[in-house]
Amino acid sequence: MTRLSGPVAVLGLGTMGSGLATRLLDQGVQVRVWNRTAERTGPLARAGAFAAAHPADAVEGTSAAICTVADGEALGAVLRGPDGILTGGPYPGALVCASTVAPEEVVSLAGNMQSVLDVGMLGNREHARTGELRLFVGGEERVFTAGRPLLDLLGKEVVHLGELGSGMRMKLLLNLLMGIEVQALAEAVELAAATGLDRKLVLSTIAGSGFASPVMSFKSKRLAAGRFDKPDFRLRLMAKDLMLAADQAAEAGLRLPLAAAAAETHIRATEQGFGDEDCVAVAHALTTPNPGSHT
């Protein structure tokens, strides 16, 4: 095992955070965990992690803290809110921001911290548990070099992209592609059903064709089964990331019609109440009337 200089905190125990904490425990690393809803810490505590009552407690004595909370507001609360990581003074370890937020928000929230990395993670919960993630990292070279042993435990590929915020830029690009691909798959299937073709036959044909990306082949199984629960990636988080990508495009003076359309559809599906289902539930927005619609 690659040696680390001390325990690691994982803050935010959703799909990816729980997987990362499990991976570290399996590799013999001391892990301290925190989650806004404390019941999620139970399985990890039984596996050997220390369950903390608040973020400041979670990072006590650690060499690194990995934040995997849902959005910028949650990240700000973990860092600077009551009992946050930084409320008692500077954090001496390395802060690894694996939450998908606006690149500028990482820089702003990090403030004058000396050791910060932002990490865009490519993969699912199983990849997180088994160290098979692909990690795209932003931050100073010295911080990246120091954090490399930890990152190597979590990912099969670790790429340093450049300055702080670069990891988030890459992650938003990847999620932009995923959002568009999954929506395209859902649209093709709804058109098939509307014109009399068998959904499952169409999905198996698409998944086995050269037109399908790996993510489309993976998500086709959910569409075929009509199973949107136990999400790999929540629809509301995809909607959030598509909006962040659209904001990045606007700031760069770019017009991205596909990104704008995907963001609008995902937001509509979220407003219809499907936000906590898997992102493939964007299909609901294609068949569910808008609130207040008279059609």
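This tour moves along one helix and its three packing partners, and then turns to the cysteines.

The model is predicted, so that local features need pLDDT of at least 70 and side-chain atom pairs count only at pLDDT 80 or more, while totals for chains, interfaces and linings use all residues. Residues are numbered from 1 along each chain as its sequence is written, and side-chain values use heavy atoms, with hydrogens and water left out.

Begin by selecting residues 166-194, which form helix α8; helices here are DSSP runs (H or I, at least four residues), numbered from the N terminus.

Next, add residues 103-110, helix α5, which packs with α8 at an angle of about 150° and with the axes 8 Å apart. The axes are lines fitted to C-alpha atoms over the stretch in contact, and the angles run from 0 to 180 degrees between N-to-C directions. The angle makes α5 roughly antiparallel to α8 (a term for angles over 145 degrees). To see the contact (heavy atoms within 4.5 Å), show P103, E104 and V106 in α5 together with M168, R169 and L172 in α8. These residues divide into four nonpolar, no polar and two charged, where Ala, Val, Leu, Ile, Met, Phe, Trp, Tyr, Cys and Pro count as nonpolar, Asp, Glu, Lys and Arg as charged, and the others, Gly among them, as polar.

Now select residues 235-251, helix α11, whose packing with α8 has an angle of about 115° and axes 9 Å apart. On the α8 side, show R169, L172, N175, L176, M178 and G179, which meet M238, D241, L242, L244, A245 and Q248 in α11. By class, this contact has seven nonpolar, three polar and two charged residues.

The third partner is helix α12, residues 257-274, which packs with α8 at about 70°, the axes lying 10 Å apart. That makes α8 roughly perpendicular to α12 (65 to 115 degrees). Here L176, G179, I180 and Q183 in α8 meet L258, A259, A261, A262, T265 and H266 in α12, a contact with six nonpolar, four polar and no charged residues.

Finally, select the cysteines C97 and C67. The sulfur of C97 lies 6.5 Å from the closest cysteine sulfur, in C67, which is too far for a bond, and a search of the whole structure finds zero disulfides (pairs of cysteine sulfur atoms within 2.5 Å). C97 is buried (under 20% relative accessible area), with a value of 3%, and C279, at 0% relative accessibility, also counts as buried.

Note on methods:
Helices (H or I, at least four residues) and strands (E, at least two) are DSSP runs, numbered from the N terminus. Angles under 35 degrees count as roughly parallel, over 145 as roughly antiparallel, 65 to 115 as roughly perpendicular and the rest as oblique. Buried means under 20% relative accessible area, exposed over 50%, partly exposed in between (1.4 Å probe, protein chains only).
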